[in-house]
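Thanks for making the time this morning; I would like to walk through a few local details of one structure, taking the cysteines, the backbone and the packing in turn. Please have a look at it before I go on.

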Amino acid sequence: MNIHEYQAKEILKKYNVAVPEGTAAFSVEEAVEAAEKLKEKGSSLFVLKAQIHAGGRGKGRTKKSGAKGVMLCKTVDEVRKGAEDLLGDTLVTIQTGEEGKQVQRLYVTDGVDIEKEFYVGVTLDRAKGMNVIMVSTEGGVEIEKVAEETPEKIVKEWVIPGHGLYPSQARRLAFALGLTGKAFKQGVAFIQTLYKAYDATDATIFEINPLVLTPNEEIIALDAKINFDDNALYRHPDIQELRDLSEENPFEVEAGKYNLNYIKLDGNVGCMVNGAGLAMATMDIIKLAGGDPANFLDVGGTANVETVKNGFRIILGDPNVTAILINIFGGIVRCDRVAGGVIEAVKDPEIADKVKNIPIIVRLQGTNAEEAKILIDKSGLNVTSAVLLKEAAEEVTKALAS
């Protein structure tokens with residue numbers, strides 16, 4: 001689960017991680033009020049940030065006003081003008097694609113004097129099976145670019161499971177950033193506290209870019225990106241409440257209501273599969289057949305009538321779908337029952353009208369696969385059965401060519 005920057009900083013503050021003063025705003029008036037409060041506290045420079053679930057906001061531009069996603073404002077009036085330009089407009093960044101994302105929230109923060117910029121990130125290294133903390137002196141730029149062009153500028157420390165982060169590791173990381181004196185001590189404390197916050201919240205990534213050193217030798221998280229493990233959210237109801245459904249794909253939100261694992265893609269072949277591994281293999285088959293998968297959809301081990309119907313509703317909500325491939329392995333569930341579910345689902349009035357011009361290829365393998373093929377072949381519906389993956393791929397090719 002992703003959250004906004006202002007939400008991430010509220011979490012960081014709870015763990016005593018240093019962040020600038022700031023307030024979220026959902027209207028122009030709230031943005032102005034936030035800036036006025038900062039001014040009362042002595043602020044003379046404000047930063048206005050669009051809040052969307054995408055990076056590259058500083059370089060992004062809105063479609064209508066052409067405003068930047070991150071603005072430096074010297075006066076409250078400039079904050080007002082910036083808020084008017086951003087709210088309701090669509091911000092396009094390198095991560096959103098051309099469609100962009102609508103700006104519905106803003107974040108007004110205190111301007112910070114910057115001496116140097118760094119990068120600090122915490123995530124899971126799946127290859128090693130350990131959490132890893134990464135730092136770099138190349139802050140304020142895309143870390144992926146640094147990793148590709150100058151990987152030696154990224155220093156890593158791995159945390160042994162069950163041991164926590166050793167103070168010596170935090171010191172090595174702070175030393176790698178070139179920190180000295182007061183800044184070194186603050187850097188060590190920052191890294192230790194950041195890791196504790198990451199571990200305590202069951203996060204999948206904590207990314208501070210940039211982490212800044214001020215002229216007063218203070219270490220502050222100027223920006224923050226946090227993602228959480230969906231499977232652990234039941235332990236953090238307070239974090240779960242931070243979810244912003246308006247930032248998520250509506251198809252994926254709808255699928256979640258039916259406990260379906262769905263990810264929207266850009267292709268033309270809808271796929272419905274039971275099991276994540278088989279779903280990945282099915283997507284490969286679709287590519288080999290000359291098509292592009294329109295989605296990843298894992299219906300789980302019990303592909304019953306309701307599951308299949310809901311799967312169809314989600315897939316057919318995508319106007320790009322020109323063919324559907326259903327690939328089910330009958331282990332827990334019998335293939336003939338799945339076939340019956342497919343037939344009943346396709347006959348459903350809500351679905352029947354939508355699929356009358358969309359060919360459906362059904363590949364059922366496992367328990368009672370032969371009986372299932374007979375049911376599909378005799379159904380009289382626009383559904384083609386297949387036994388082997390090769391056959392399914394060939395049918396997809398025919399469907400796309402017709």
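**Cysteines, backbone and a cavity**

Let me begin with Cys73, which counts as buried because its relative accessibility is 2%, below the 20% cut-off. I should say at once that this is a predicted model, and that what I quote is computed from it.

Staying with the cysteines, how many disulfides does the structure hold? The count is zero. A disulfide, for the record, is a covalent bond between the sulfur atoms of two cysteines. Cys271 shows one reason for the absence, because the closest cysteine sulfur to its own belongs to Cys335 and lies 18 Å away, which is too far for a bond. Cys271 is also buried, with a relative accessible area of 1%.

Now to the backbone, where I have picked out three places that you may want to check in your own viewer. The peptide bond joining Asn209 and Pro210 is cis, with omega at about 10°, and Pro210 itself sits in strand 11, which covers residues 203-213.

The other two places are asparagines. Asn16 has a positive phi of about 65° although it is not a glycine, and it is found in the loop that runs between helix 1 (5-14) and strand 1 (22-25). Asn368 likewise is not a glycine and has a positive phi, of about 60°, and its place is the loop between strand 18 (360-366) and helix 13 (369-377). Are these residues buried or exposed? Asn16 is exposed, with a relative accessible area of 67%, whereas Asn368 counts as partly exposed, at 25% relative accessibility.

The elements on either side of Asn368, strand 18 and helix 13, come up again in my last topic, which is the interior. A search of the whole structure for cavities of 30 Å³ or more finds one, and the volume of the largest cavity is about 40 Å³. Which elements supply its lining? Strand 18, helix 13 and strand 19 (383-386) each give at least two residues, and the largest share, three residues, comes from helix 13. By name, the lining consists of Val362, Leu364, Ala369, Lys373, Ile376, Ser385, Ala386 and Val387. In terms of character, these divide into six nonpolar residues, one polar and one charged.

That is where I will stop, and I am happy to go back to any of these places on the screen.

Methods:
Residues are numbered from 1 along each chain as its sequence is written. This is a predicted model: local features need pLDDT of at least 70, side-chain atom pairs count only at pLDDT 80 or more; totals for chains, interfaces and linings use all residues. Side-chain values use heavy atoms; hydrogens and water are left out. A disulfide is a pair of cysteine sulfur atoms within 2.5 Å. Buried means under 20% relative accessible area, exposed over 50%, partly exposed in between (1.4 Å probe, protein chains only). Helices (H or I, at least four residues) and strands (E, at least two) are DSSP runs, numbered from the N terminus. On a 1 Å grid over the protein atoms alone, a cavity is a set of points where a 1.4 Å probe fits but cannot get out, and a pocket is an open set with protein on both sides within 12 Å along at least five of seven lines; lining residues have an atom within 4 Å of a point. Grid points are joined across faces, edges and corners, and a volume is the space filled by probe spheres set on the points. Ala, Val, Leu, Ile, Met, Phe, Trp, Tyr, Cys and Pro count as nonpolar, Asp, Glu, Lys and Arg as charged, and the others, Gly among them, as polar.
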